[in-house]
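Here are my notes for anyone opening this one for the first time. Have a look at the model, then read the points in order.

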Amino acid sequence: MRGLTPYLFEALVMLGVLLKTARRHDEALEVLSRALELNPNDYNAWRRKADVHRSRQDWERAAADYQRALSCGIPNPAVQRKVRLALNKARQELAKTQGSD
């Protein structure tokens, strides 16, 4: 079973992406959280989870998960740039919501 873990992890991340696309956000978060239990240092899984939070306009969780993705180390500079932009956007939106309270 141990040999299947990387395949299971990748399958869970892809399933999370598909569920997000289908706007089944709660299920996507559940599946991505399960993937992160298998590999808590995967930037892509954190990024995908943050994307779900962003779709739900949960800016605080989106910002936290984008930050976690960055802390895992993103080898691709283009992806790193996109995550930084998404993190900044989430922080801006969070500031707006906190300012309106």
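**Notes on the fold and its salt bridges**

1. Let's start with the secondary structure: the protein chain has five helices and zero strands. Going along the sequence, the pattern reads α-α-α-α-α. Keep in mind that this is a predicted model.

2. How does the overall size fit the chain length? For 101 residues, a compact globule would come out with a radius of gyration near 13 Å, and the protein chain has 14 Å, so the two agree. If you want the dimensions, the C-alpha trace spans about 50 × 30 × 20 Å along its principal axes.

3. Next, the inside and the surface. Of the 101 residues in the protein chain, 36% are buried. The accessible surface is about 6,500 Å², and carbon and sulfur atoms account for 49% of that.

4. On contacts: take the ones between residues at least 6 apart in sequence, and 48% of them join residues at least 24 apart.

5. Now the charges. The protein chain carries 18 positive and 12 negative charges, and the mean positions of these two sets lie 6 Å apart. How many salt bridges does the structure hold? The count is five, and the next points go through some of them.

6. One of the bridges pairs the side chains of E27 and R24, with an N to O distance of 2.8 Å. Are these two buried or exposed? Neither, as it turns out: E27 has 35% relative accessibility, so E27 counts as partly exposed, and R24, with a relative accessible area of 42%, is partly exposed as well.

7. Helix α5 (residues 77-99) is worth a closer look, as K89 and E93 both sit there, four residues apart, or about one turn of the helix. Their side chains form a salt bridge at 2.8 Å, N to O. K89 has a relative accessible area of 37%, which means K89 is partly exposed. E93 comes in at 14%, under the 20% cut-off, so E93 is buried.

8. Which residue does E93 meet besides K89? The side chain of E93 also makes a salt bridge with K96, at 3.3 Å, N to O. E93 and K96 are three residues apart in helix α5, so about one helical turn separates them. K96 has a relative accessible area of 55%, and is therefore exposed. Through shared partners, the salt bridges tie K89, E93 and K96 into one network.

9. If you only revisit one spot, I'd pick that network of K89, E93 and K96: it has a buried residue in E93, a partly exposed one in K89 and an exposed one in K96.

Note on methods: Residues numbered from 1 in each chain as written. Predicted model: local features only at pLDDT ≥ 70, side-chain atom pairs only at ≥ 80, totals over all residues. Heavy atoms only, no water. Helix = DSSP H or I, 4+ residues; strand = E, 2+ residues; numbered from the N terminus. Rg over C-alpha atoms; globule rule 2.2 N^0.38 Å. Buried < 20%, exposed > 50% of the residue type's maximum accessible area, 1.4 Å probe, protein only. Contact = heavy atoms within 4.5 Å. Areas by Shrake-Rupley, 256 points an atom, 1.4 Å probe, with all protein chains shown as cover. Lys, Arg positive; Asp, Glu negative; His and termini not counted. Charge placed at Lys NZ, Arg CZ, Asp CG, Glu CD. Salt bridge = Lys/Arg side-chain N within 4 Å of Asp/Glu carboxyl O.
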